[in-house]
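Morning, everyone. Please have a look at the structure on the screen. I'll talk you through it in a few minutes.

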Amino acid sequence: MKARKFLHDLQKLQVHLDLRPVLFLTLMYGVVAFLPFGIFGWLQNEDGLMEWGSVALLILSAINAFRLQKQSPQGWERLGWLLFLLLCCLFIGEEISWGERLHGAGIDAIRSINTQGETNLHNIAVFQGKGLLHLGWAGLGLILGLAGFVFRTAPLIPATRFTLYFTVPAIWYLGFEFCRKAGECLITVANHQEIYELLIIAGLYLHTRNWCRKRGISTRILATG
């Protein structure tokens with residue numbers, strides 16, 4: 001009876017809150033982390049499957065934002081979706097170092113102060129040393145995850161049911177940065193930021209897909225309207 005009641009309460013909760021981030025993290029740390037052959041690292045390390053998954057979701061989010069701006073009823077909303085589109089393109093460029101690994105061209109002045117020796121801004125040593133990258137992700141996660149409780153119907157703000165995609169990573173980034181500076185923690189906080197970047201970006205994709213469906217816009221990749 002207790003198990004049945006728990007499942008019933010869980011189903012009721014899922015109507016108002018997307019619990020997939022919790023299930024995803026449970027699977028990652030409860031199952032995948034113990035698999036052999038370095039599968040966990042292959043998935044979440046730099047240039048791993050999750051990083052490229054994030055890029056794919058950003059591309060889909062950008063496509064959805066482009067479709068939404070074309071059918072936005074108000075000018076300010078159209079401008080908002082265009083800015084969202086530009087931010088997605090910026091994130092994509094930064095994530096793949098603006099294609100430097102493919103074409104080999106880069107900016108030496110940035111490479112020389114970049115922790116990866118590549119042309120991107122988010123890995124500049126001073127940003128890394130001061131924790132600005134992690135704090136930036138934490139701030140973004142908190143804003144996107146909590147703003148929906150205030151602006152419940154704003155098209156550019158993720159719905160409250162997507163809050164875990166943003167608030168859970170925000171908490172992790174704050175914890176990671178605190179542990180990094182303190183040098184010790186009650187628990188070990190490993191650098192698994194690709195996992196939490198993927199969650200935030202998945203939340204953004206679901207947000208754009210949600211509004212496309214509300215507006216009757218197809219989210220198929222080859223759709224034209």
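Start with D18 and R20. Their side chains form a salt bridge, with N and O 2.7 Å apart. Keep in mind that this model is predicted. Why can such a pair form at all? Side chains of opposite charge can pair when their charged atoms come close.

Now, are the two partners buried or exposed? D18 has 9% relative accessibility, so it counts as buried. The cut-off for buried is under 20%. R20 has a relative accessible area of 45%, so it is partly exposed.

How many salt bridges does the whole structure have? A full search gives 2. The other pair is E77 with R215. Their closest N and O atoms are 2.7 Å apart. Where do these two residues sit? E77 is in helix α5, and R215 is in the segment after α11. They are 138 residues apart in sequence, so the pair ties together distant parts of the chain. E77 is buried, at 2% relative accessibility. R215 is partly exposed, at 26%.

Next, the core. In soluble globular proteins, nonpolar side chains tend to be buried together. Here, the largest nonpolar core has 40 residues. Which of them touch the most other members? Y165, F166, I195 and Y196 do. Several helices each give two or more residues to this core: α2, α3, α4, α5, α9, α10 and α11. Which one gives the largest share? That is α11, with 12 residues.

Let's zoom in on F166. Leave aside its neighbours within four places in sequence. F166 is then in contact with G141, L142, L144 and G145. It also contacts P158, I200, G203 and L204.

Last topic: α4 and α11. How do these two helices run? Their axes come within 9 Å and cross at roughly 25 degrees. Angles under 35 degrees count as roughly parallel, so α4 and α11 are roughly parallel to each other. The crossing is left-handed. Who makes the contact? On the α4 side, the residues include M50, G53, L57, L60 and L68. On the α11 side, they include I195, L198, I201, Y205 and W211. Note I195: that residue is also among those touching the most other members of the core.

To recap. There are 2 salt bridges. There is a largest nonpolar core of 40 residues, with its largest share from α11. And α11 runs roughly parallel to α4. Thanks for listening.

Definitions and conventions
Residues are numbered from 1 along each chain as its sequence is written. This is a predicted model: local features need pLDDT of at least 70, side-chain atom pairs count only at pLDDT 80 or more; totals for chains, interfaces and linings use all residues. Side-chain values use heavy atoms; hydrogens and water are left out. A nonpolar core is a set of buried Ala, Val, Leu, Ile, Met, Phe, Trp, Tyr and Cys residues joined through side-chain atoms within 4.5 Å. Buried means under 20% relative accessible area, exposed over 50%, partly exposed in between (1.4 Å probe, protein chains only). Helices (H or I, at least four residues) and strands (E, at least two) are DSSP runs, numbered from the N terminus. Contact means heavy atoms within 4.5 Å. A salt bridge is a side-chain nitrogen of Lys or Arg within 4 Å of a carboxyl oxygen of Asp or Glu. Axes are lines fitted to C-alpha atoms, for helices over the stretch in contact, and angles run from 0 to 180 degrees between N-to-C directions. Angles under 35 degrees count as roughly parallel, over 145 as roughly antiparallel, 65 to 115 as roughly perpendicular and the rest as oblique. A crossing is left-handed if the near helix is turned anticlockwise from the far one by less than a right angle, and right-handed if clockwise.
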